[in-house]
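Please open the structure in a viewer and keep the selection tool at hand. The tour below proceeds stop by stop, stating what to select and what is found there.

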Amino acid sequence: MSSQFLSLLSAYCAVFFLNYFGLKYQKKKPAISFFCARVLWLDDTSSKYFAQVLLLVSVSCSIWEKISTTNFCVVTEKGDVMAISAQEAKEFESEVNNWMQENKPVDPGFILPETFMEVGTDQQFEYLRDWQNKVYEAGFVGMAWPKEYGGGGMAQEFQDLATKSMAIHKVPFLPNTIGLNWAGPLILHMGTEADKQKYIKGILSGEDIWCQGFSEPDHGSDLGNSQCKATKDGDEYVINGSKIWTSLGTYAKYMILLARTSAGGDSKYAGLSYFLAPMDVEGVDPKPIKKLTGEYGFCQTYFDDARIPASCLMG
């Protein structure tokens, strides 16, 4: 590989570094181009090489200028196009960073868990749920979710910047993890209009906490061997069985529940159904599990002829 080629490659890479630190070349581009056009007619190899480098720098700067002013476009499910410019992103990032810095909670005086799976006391739970509600009211949760259901109706870029800011400022986590990352996106994707109106805002605000009902005591995370049953009875399903490692089970209003609605089939996964199951019905009993540390963070949830509406079935 020739030294001239390496030099050209180095010059090309250097352009982006220089532009990053604010190199202002705009007014000099016509002069650079004119100079290069003349030098390229010369026979002197060194002069031609120098002109090639200058042309490469000029072209690269033009490309960088175009990239730096390009809008970020997002197409919504309805086909609407939302775009934010680099300037808008910069201004919003400053806004959300200022808010996080000003509103970062002080030390509550008790140990805070690192994840939603470790929330073991009412004090911890209420503190974290209040924090999620505060962030939501400030407009920094569900920013890209549809506005008609309680979201911000904005480009995903805004939410990405807000989430980044939360990490930078090391604020408490949002406890409704299952709702925000599992239930909510699924409901928005395939739920009915009634489902979206009923569930989405409560997920974002933290008012309605969600838990997960997948693993079982005798089968662990081998979901294909799930034995929890859901039997259709008129306009309801009757649930019997149990789920384990149910984080936030004692605080949750709803559970994303896997239950077997039929037996047999071509595979062990046949007959499994997915429900948005209420936790506040008769026959549902989440019992906290005490860990070796003496703390609580999980539940075993029992279903004993628990009746849930048939409309809870998602698929």
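Helices and strands are runs assigned by DSSP, of at least four residues for a helix and at least two for a strand, and they are numbered from the N terminus. With that convention, Glu 295 can be placed in the loop between strand 8 and strand 9. The model on the screen is a predicted one.

**The whole chain**

Begin with the full protein chain, which holds 8 helices and 9 strands. Of its 315 residues, 39% are buried. Among the contacts with a separation of 6 or more, 65% are between residues 24 or more positions apart.

**The hairpin of strands 8 and 9**

Next, select strand 8 (residues 284-290) and strand 9 (residues 296-309). The two strands run antiparallel and are joined by 7 bridges. Within this pairing, Ile 289 faces Phe 298 of strand 9. The strands form a hairpin with 5 residues between them, and Gly 294 in the turn has a positive phi of about 90°.

Now select Glu 295. Is this residue buried, partly exposed or exposed? Glu 295 counts as partly exposed, because its relative accessibility is 45%, and the partly exposed class lies between 20% and 50%. Apart from neighbours within four places in sequence, Glu 295 is in contact with Ile 289 and Lys 290. Add Glu 118 to the selection: the C-alpha atoms of Glu 118 and Glu 295 are separated by 8.5 Å, although the two residues are 177 residues apart along the chain.

**Two residues with positive phi**

Remain in strand 9 and select Asp 305. Asp 305 is not a glycine, yet its phi is positive, near 55°. Its relative accessibility of 48% makes it partly exposed.

Then move to the loop between strand 5 (236-244) and strand 6 (254-260), where Leu 248 is located. Leu 248 likewise is not a glycine and has a positive phi, of about 60°. Is Leu 248 buried or exposed? Its relative accessible area is 4%, and therefore Leu 248 is buried.

**Helix 4 and its partners**

Select helix 4 (residues 86-103) together with helix 5 (residues 122-137). Their axes lie 12 Å apart, and the helices pack at an angle of about 145°. The crossing is right-handed. On the helix 4 side, the residues in contact are Trp 99, Met 100 and Asn 103; on the helix 5 side, they are Trp 131, Lys 134 and Val 135. By class, these residues comprise 4 nonpolar, 1 polar and 1 charged.

Keep helix 4 and replace helix 5 with helix 6 (residues 156-169). Here the axes come within 9 Å and cross at roughly 35°. This crossing, too, is right-handed. The residues of helix 4 that take part include Phe 92, Val 96 and Met 100, and those of helix 6 include Leu 161, Ala 162 and Met 166. The contact has 8 nonpolar, 4 polar and 3 charged residues.

**Met 100 and the nonpolar core**

Finally, select Met 100. Which residues does Met 100 contact, leaving aside its neighbours within four places in sequence? They are Trp 131, Val 135, Phe 140, Ala 162, Ser 165, Met 166, His 169 and Val 171.

Extend the selection to Val 135, Phe 140, Ile 203, Trp 210 and Ile 239. Together with Met 100, these residues touch the most other members of the largest nonpolar core, which has 63 residues. In soluble globular proteins, nonpolar side chains tend to be buried together.

Note on methods:
Residues are numbered from 1 along each chain as its sequence is written. This is a predicted model: local features need pLDDT of at least 70, side-chain atom pairs count only at pLDDT 80 or more; totals for chains, interfaces and linings use all residues. Side-chain values use heavy atoms; hydrogens and water are left out. Axes are lines fitted to C-alpha atoms, for helices over the stretch in contact, and angles run from 0 to 180 degrees between N-to-C directions. A crossing is left-handed if the near helix is turned anticlockwise from the far one by less than a right angle, and right-handed if clockwise. Contact means heavy atoms within 4.5 Å. Ala, Val, Leu, Ile, Met, Phe, Trp, Tyr, Cys and Pro count as nonpolar, Asp, Glu, Lys and Arg as charged, and the others, Gly among them, as polar. A nonpolar core is a set of buried Ala, Val, Leu, Ile, Met, Phe, Trp, Tyr and Cys residues joined through side-chain atoms within 4.5 Å. Buried means under 20% relative accessible area, exposed over 50%, partly exposed in between (1.4 Å probe, protein chains only). Two strands pair if DSSP finds at least two bridges between them.
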